[in-house]
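User: Hi! I'm new to this one, could you walk me through it?
Analyst: Happy to, let's bring it up.

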Amino acid sequence: MELPFAEAWKIKMIEPLRKSTRAEREQWLKDAHYNVFMLKAEQVYIDCLTDSGTGAMSDRQWAELMLGDESYAGATSFFKFEAMVQKIFGFKYVIPTHQGRAAENVLFSYLVKEGNVIPGNAHFDTTKGHIESRKAQAIDVTCDEARDTQLEVPFKGNVSLEKLERVLEQNKGNVPFMVLTITNNTVGGQPVSMQNIRETAELCHRYGVPVVMDSARFAENAYFIKTREAGYADKTIKEIAREMYSHVDAMTMSAKKDGVVNMGGFIATDNKDWYEGAKLYCIPFEGFITYGGMNGRDLNALAQGLDENTEFDMLETRIHQVQYLASLLDEYGIPYQRPVGGHALFIDADKVLCNVPKEEFPAQTLTCELYLEAGIRGCEIGYILADRDPETRENRFGGLDLLRLCIARRVYTDNHMRVIAAALKNVYDRRNDITRGVAIEWEAPLMRHFTVQLKRL
Ligand code: F0G
């Protein structure tokens, strides 16, 4: 008999979970203004809000904490971390920052000027925020396949080369760089193929435009290249990562995802001018260039995390769990962005809550319903996250309206996946009775979804 699949690790430490009653959750969600970011974590049973900073570190990472060098300048921890980044990505210059958006802030402070245009495959919201707050424009050039959640194509995160070329052609001399996000979080944790990385970079370089890889889930992207793209099955994840980065000019990294640390980030590049320019912003924003907002111990744990999370077994365990949850939703007929991506399931709320008009935010409504059902916290990646158009101030209803259920790395078991699927099924079974959504009572001018206050209609 063939042995079944099992995790590539065993558990050494556990953290108890708390359940609650529906009545408690009704009150808590009302107090949180129907915004799940405002819930207390202890009011949540299974937390699928994000896979960012929520992973479980390995025993080796915890051991590295003890070896941290907390010297202000030139700590051994920095050099250990720098050497690992150089080894995995092949870039010479490395600047640590406290998280991904800090890396964006430091690099974009140097690169982005008012009026610039920065194309990208669905910029993450902080990336878009850092562009728009500098009065520059972020233009989405994701392939059209990503918009059809039921279409099964292997690399739905890809850049549309036609859309990209149009932007480059119309904005010659005004594009300081292009952002290539791997995996493409906003459209469902969907990967970008090696071919598309290469062709995107070639196109940009033909126009003299450098490419910055937004790298939060680069290892998951490499896993999909290995398992889905012809010619990569026999290459290691580390070989694939090296090749991915050989095509581009720089990277910003939220290490809270594929670095499997609770906090951390960095910038890396071979471009000396960019390095010198970014360094000037690192010091006032983040701290001296050998710690950039991180503790020595955390740099050590990150170096170890990058090393072990670019091993095939670790990634296979993770993606297998996400795919297991997807297989349960298939059984219940619940529509999500197909095929399932790396870090999360993205439920197509428009197709579930068909009776809730888009002006009443179906994905946010579904997020609330799932929390009320079982204390499971997902997160809207939809019309509220999309913010308003900076010019017209109209809501941006043009994209997808999704409920994202992120799976933390090495935290929950497959039994928790079964609970999530069953809770979703219960909501799905009464979907036709849900006819009203939510309305905005208060919102911030930029990146509103973290703090928005809503009422139930
Ligand atoms: N880029 C991508 C693709 C991201 O997904 C994130 C964060 C960032 C940049 C910013 O990094 O959080 O370390 O400052 N995404 C998290 C999420 C918050 O839940 O998807 P950060």
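**Ligand shell and a small talk about strands**

User: Which helix gives the largest share of the shell around the ligand?
Analyst: Helix H4, residues 100-111, does, with three residues; helices (H or I, at least four residues) and strands (E, at least two) are DSSP runs numbered from the N terminus. This is a predicted model, where local features need pLDDT of at least 70, side-chain atom pairs count only at pLDDT 80 or more, and totals for chains, interfaces and linings use all residues. Residues are numbered from 1 along each chain as its sequence is written, and side-chain values use heavy atoms, leaving out hydrogens and water.

User: And which residues come nearest to the ligand?
Analyst: Of the 16 around it (a heavy atom within 4 Å), Thr-50, Arg-101, Ser-254, Lys-257 and Arg-404 come nearest.

User: How far is the side chain of Ser-254 from a ligand oxygen?
Analyst: An N or O atom of the Ser-254 side chain is 2.6 Å from an oxygen atom of the ligand. For Gln-99, such a distance to a ligand oxygen is 2.7 Å.

User: How much of the ligand does the protein cover?
Analyst: It covers 95% of the 470 Å² of accessible area the ligand has on its own (Shrake-Rupley method, 1.4 Å probe).

User: New topic: what's the strand order in the open sheet?
Analyst: The order is E9-E12-E11, with antiparallel pairing; strands pair if DSSP finds at least two bridges between them.

User: Why do E9 and E11 each have a side without a neighbour?
Analyst: Strands E9 (344-348) and E11 (379-381) are at the edges with a single partner strand each, so one side of each has no neighbour in the sheet.

Note on methods:
Polar contact = N/O pair within 3.5 Å; in protein donor to acceptor, adjacent residues only side chain to side chain.
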